[in-house]
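Q: Got a minute to go through this model with me? I'd like to poke at a few side chains.

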Amino acid sequence: MDSITSLPDPELNPEFYADTPAKRFFAWLVDGVMIFLVTLLVLPFTAFTGLLFYPLLWLVISFAYRTITLASGSATWGMRLMSLEMRTFRGERFGLGEAFIHTLIYSVAISTFFVQVISIVLMLTTARRQSLGDHLLGSVAINRAAVRR
């Protein structure tokens, strides 16, 4: 554990952070497919008027999906499939508050190309592989398999 936080030290325990940027990318793709499927399921309940405001529908469902799944298991379904888990700067699993704030920061970052590029560069170059939102919150994505050892 790092003396500043309760997170694993990336130099002493690199297995916690190994391949997390690639896993986060594939988790993001899986989550995108899940969100798309949910939006398709919701469309008939809007009498297909949801097609007129589909980007807004996507945004609302995406926000709810990410917040609920992060709060319930500290990982989205895509992250769970990739054996990733989010942790707070204290090393704890996400609760509803952390999940909401993380999703809010993510939503702002993904909507702005420049901010998203910064976030990706940070994930590829920092020791803990943190995105811009992770840096702001002090959170990290770690390998679940490394936690269970």
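Q: Where does W28 sit?
A: W28 is in helix α1. Keep in mind that this is a predicted model.

Q: And is W28 buried or exposed?
A: In between: W28 has a relative accessible area of 40%, so it counts as partly exposed.

Q: Which residues make up the nonpolar surface patch?
A: F25, F26, W28, L29 and I110 make it, and it covers about 470 Å². Helix α1, residues 20–42, gives the largest share, with four residues.

Q: How many aromatic pairs turn up in the whole structure?
A: Five aromatic pairs are found. One of them is F25 with F26: the ring centres are 5.5 Å apart and the planes sit at 65 degrees, so that pair is edge-to-face.

Q: Why edge-to-face for F25 and F26, and not tilted?
A: Because the planes are at 65 degrees, and an angle over 60 counts as edge-to-face.

Q: How much of F25 and F26 is accessible?
A: F25 has a relative accessible area of 43% and F26 is at 44%. F25 is partly exposed, and F26 is put down as partly exposed too.

Q: Which residues form an aromatic cluster?
A: F25, F26 and W28 form one cluster.

Q: Let's move on to Y65 and W77. What geometry does that pair have?
A: Y65 and W77 are edge-to-face, with 5.6 Å centre to centre and 85 degrees between the planes.

Q: What does the Y65 and W77 pair tie together?
A: Y65 lies in helix α2 and W77 in helix α3, residues 77–81, so the pair ties together parts that are twelve residues apart in sequence.

Q: Is Y65 buried or exposed, and what about W77?
A: Y65 is buried, at 9% relative accessibility. W77 is partly exposed, with a relative accessible area of 42%.

Q: While we're on helix α2, what does T67 touch?
A: T67 sits in helix α2, residues 54–73. Leaving aside neighbours within four places in sequence, T67 is in contact with L96, A99, F100 and T103. The side chains of T67 and T103 are joined by a polar contact of 3.4 Å.

Q: Why does T67 count as buried?
A: Because its relative accessibility is 7%, and buried means under 20%.

Q: Switching to charges: how many salt bridges are there?
A: The count comes to six.

Q: What does E85 pair with?
A: E85 meets R87 in a salt bridge at 2.4 Å, N to O, and E85 also has a salt bridge with R93 at 3.2 Å. E85, R87 and R93 are linked in a network.

Q: Which residues of that network are buried?
A: E85 is buried at 3% relative accessibility, and R87 is buried at 14%. R93 is partly exposed, with a relative accessible area of 46%.

Q: What about E98 and R90?
A: Their side chains meet in a salt bridge at 3.4 Å, N to O. E98 is partly exposed at 26%, and R90 is partly exposed at 36%.

Q: Last one: where is I101, and how far is it from G133?
A: I101 is found in helix α4, residues 96–110. The C-alpha atoms of I101 and G133 are separated by 9.1 Å, with the two residues 32 apart along the chain. I101 is partly exposed, with a relative accessible area of 41%.

Key: Residues numbered from 1 in each chain as written. Predicted model: local features only at pLDDT ≥ 70, side-chain atom pairs only at ≥ 80, totals over all residues. Heavy atoms only, no water. Patch = residues over 30% accessible without salt bridge, like charges linked within 9 Å, V, L, I, M, F, W, Y side chains within 5 Å. Areas by Shrake-Rupley, 256 points an atom, 1.4 Å probe, with all protein chains shown as cover. Salt bridge = Lys/Arg side-chain N within 4 Å of Asp/Glu carboxyl O. Helix = DSSP H or I, 4+ residues; strand = E, 2+ residues; numbered from the N terminus. Buried < 20%, exposed > 50% of the residue type's maximum accessible area, 1.4 Å probe, protein only. Polar contact = N/O pair within 3.5 Å; in protein donor to acceptor, adjacent residues only side chain to side chain. Contact = heavy atoms within 4.5 Å. Phe/Tyr/Trp six-rings, centres within 6.5 Å; stacked < 30°, edge-to-face > 60°.
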